[in-house]
Amino acid sequence: MPVDDKTLPPVPDPYSRHLSEQTDLVEEVRKATYSPSPLVRVLQDPTILPTRTAEPKVDSKAHRSRSTSRHREHRSPVVAAIAIAEEERHARHLKALLRASGDRLEHEMRRAEDAIARADYAERQERDAHARARAANLELEEMHLESIRLERDARDYQLQLEEAQIEQRHLQLDLEYARREIEELREAESKAQEQVQNYQRQLQDLKLMMMERTAAVEGIVDETYDDGWQDGYEKVSCLRLPSAHSSIMPPRKFPKDLPKLPLSVFTPPNTGTQESFLPPSPNSLLPSQVIDANVVSKDPGYSQWKTQAGQALGSKIRGVILSLPGAEVEKVLKSDATDPQVICYSIPFSLENPDSAVESLVTSAKVPVSLTTIFNGDLPGAVDGLRWALKFGRPVDIDIQATLSDSLLEGFEDLIAKATADLEKVPPIVLSNILPPPHDLDLPIVKLMNHPTYLAFQSQVAALSLIPQVCVKFLPPSWDAPTPQTPFPGSPIEAADTQQIKEWKRRIKMYLAPVVEAFGSQRIIFGSSPSTSSKATSNVADWYEMARESLAELGLEQELIDAIFAGNAEKVYGK
């Protein structure tokens, strides 16, 4: 093909191509680098150069030959110029591509730096988010613990509220009883005021009458002085009181005998001694020793009793009468090692049907023992059971867990009489749960004094005291309420319910006084554990303080208090 007919491929605009968003600069650079340049291509194949513009055709062959020769003469310079021009365009294209690549590379580097910065920022944000999440988890755990504590506090507050409501109801009942007592006292006061007014009027009438009688006597004495005392006496004896006052003040026929008091009453105490007209303070009357005659425990070491009694009693503890379950007491009695502080072990037995194993324990025991049982009514075979227990010659404790009516009291007295008949020596019979007896704390003391139950208690105590072998245990009462806390010297209890303590002591003294009067202080024995039928709890130290103060406030002397707290128990349960 002739060279004139071949045309060079069109060269694209480099500036428009490298500015396109879809242009691959790397690929363009690669193509421009590895493809031959236009100069090399022209030198290798000159025929690719484009021909010049066609001139008017001349049909003659001579003209064709001349033009061909002239074209060949100028062919080499033209080819070189065209190749150089193409090379220049190619170079400019490469420069444009390089500039575009540099710009694109700088742009991508800036984008990479921005991406790295954003990645660092995202990592920091992630770490901050993790830290906030951990802090939120910790706060959530704290809030959970706080919610648990608040729920526990709410339950405690609810319990306190319920206790306060119960206490409020009790206080309302006490207030109602107090109002009734106040009304009764007001009625009694009004009646007393009316009686006082009547007595005042009667006294005024009597004063006027005595003044009239004195004036009449003086006038008669003046008239009859010279005639002799006989006539005056006859006239004076004729005077009589008016009928309206005859029932008020009858004449006394004989002079009134005045009571004779010893001279020691009118003699003041010696200033050099400690004597005083006032009775000793209850806090100054302390037993020298204490023997707890009723310690009920489930373990042979009675550790709970030691914990409760250690601070209050301390060195005063001399011994205990320990009551254990049947299996435990059997183990203790069969073992050689026994507690030296235990004066006596109590062995339980059935009053209606005694067990033969108890007999072997009593007979083979190497330490002092006693027998204990429960009386809850008339039982067939009770006489034989009690007689069987008394034959061993050891003390027998009877826990009375029945309300002693008149008929039941007669049956109980008959039980003791038949069981002790024909016995050469009757051992002591110790009764519990009757000092103080079961009682309703809601009953006011004012009404208790004349209540049928209290009057029956006095008669029952008087009847039981006629049996010389019967003793009484002074135990915490079965009043369906725990013993009030009584702080002793050195106690951790700073404040006590003084009103409740005084109320308990007043009631205890009401039951204690007739028992002391009937039995005397030689047949009353102190114990700290309540009856097995009691549902209330009692602390050893609290009951010791209350029992001691109640006995001291009754006016008992030191010798009698020592006997109740230690001496009587040693006589009954000792060897």
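Here is a short chat between two people about the model above.

Colleague: Before we start, what kind of model is this, and which pLDDT do side-chain atom pairs need?
Modeller: It's a predicted model, where local features need pLDDT of at least 70, totals for chains, interfaces and linings use all residues, and side-chain atom pairs count only at pLDDT 80 or more. Residues are numbered from 1 along each chain as its sequence is written, and side-chain values use heavy atoms, with hydrogens and water left out.

Colleague: Fine. How many helices and strands are in the chain?
Modeller: Both come from DSSP runs numbered from the N terminus: helices are H or I with at least four residues, strands are E with at least two. On that basis the chain has 16 helices and eight strands.

Colleague: And what percentage of the 575 residues count as buried?
Modeller: Buried means under 20% relative accessible area, exposed over 50%, and partly exposed in between, with a 1.4 Å probe and protein chains only. Of the 575 residues, the buried share is 31%.

Colleague: Let's look at H14. Why does its end-to-end distance agree with its length, and how far apart are the end C-alpha atoms?
Modeller: The expected span is 1.5 Å times one less than the number of residues. H14 covers residues 498-519, so its 22 residues should span 32 Å. That agrees with the model, where the end C-alpha atoms are 30 Å apart.

Colleague: Where is the kink in H14?
Modeller: The bend at a residue is the angle between axes fitted to the seven residues ending there and the seven starting there. In H14 a kink of about 25° turns up shortly before proline 514, at leucine 512.

Colleague: Which elements cover the buried residues of H14?
Modeller: The buried set includes Ile501, Trp504, Tyr511, Leu512, Pro514 and Phe519. Contact here means heavy atoms within 4.5 Å. The cover includes helices H12 (445-448), H13 (452-464) and H15 (540-553), plus strands E7 (470-474) and E8 (524-526).

Colleague: What about the largest pocket: which element gives the largest share of its lining?
Modeller: On a 1 Å grid over the protein atoms alone, a pocket is an open set of points with protein on both sides within 12 Å along at least five of seven lines, and lining residues have an atom within 4 Å of a point. Grid points are joined across faces, edges and corners, and the volume is the space filled by probe spheres set on them, here about 1,100 Å³. There are 30 lining residues, and the closest to the centre are His170, Asp174, Leu441, Gln500 and Glu503. H5 (75-224), H12 and H14 each give two or more residues, with the largest share, eight residues, coming from H5.

Colleague: And the largest cavity: which residues line it?
Modeller: A cavity is a set of points where a 1.4 Å probe fits but cannot get out. The whole structure has one cavity of 30 Å³ or more, with a volume of about 30 Å³. The lining is Asn433, Leu435, Pro436, Leu475, Pro476, Pro477 and Ser531.

Colleague: Is the peptide bond from leucine 435 to proline 436 cis or trans?
Modeller: Proline 436 sits in the loop between E6 (429-432) and H12. Omega for the bond from leucine 435 is near -15°, making the bond cis.

Colleague: Now threonine 373. Which residue's backbone nitrogen lies 3.3 Å from a polar atom of its side chain?
Modeller: Threonine 373 is in strand E4 (residues 369-375), and it counts as buried because its relative accessibility is 4%. Leaving aside neighbours within four places in sequence, its contacts include Phe349, Asp397 and Ile398. The backbone nitrogen in question belongs to leucine 351.

Colleague: Two oddballs have positive phi. Is tyrosine 302 buried or exposed?
Modeller: Tyrosine 302 lies in the loop between E1 (290-296) and H7 (303-313), with phi near 35°. Its relative accessibility is 0%, so tyrosine 302 counts as buried.

Colleague: And is aspartate 422 buried or exposed?
Modeller: Aspartate 422 is in the loop between H11 (406-420) and E6, and its phi is near 65°. With a relative accessible area of 77%, aspartate 422 is exposed.

Note on methods. Polar contact = N/O pair within 3.5 Å; in protein donor to acceptor, adjacent residues only side chain to side chain.
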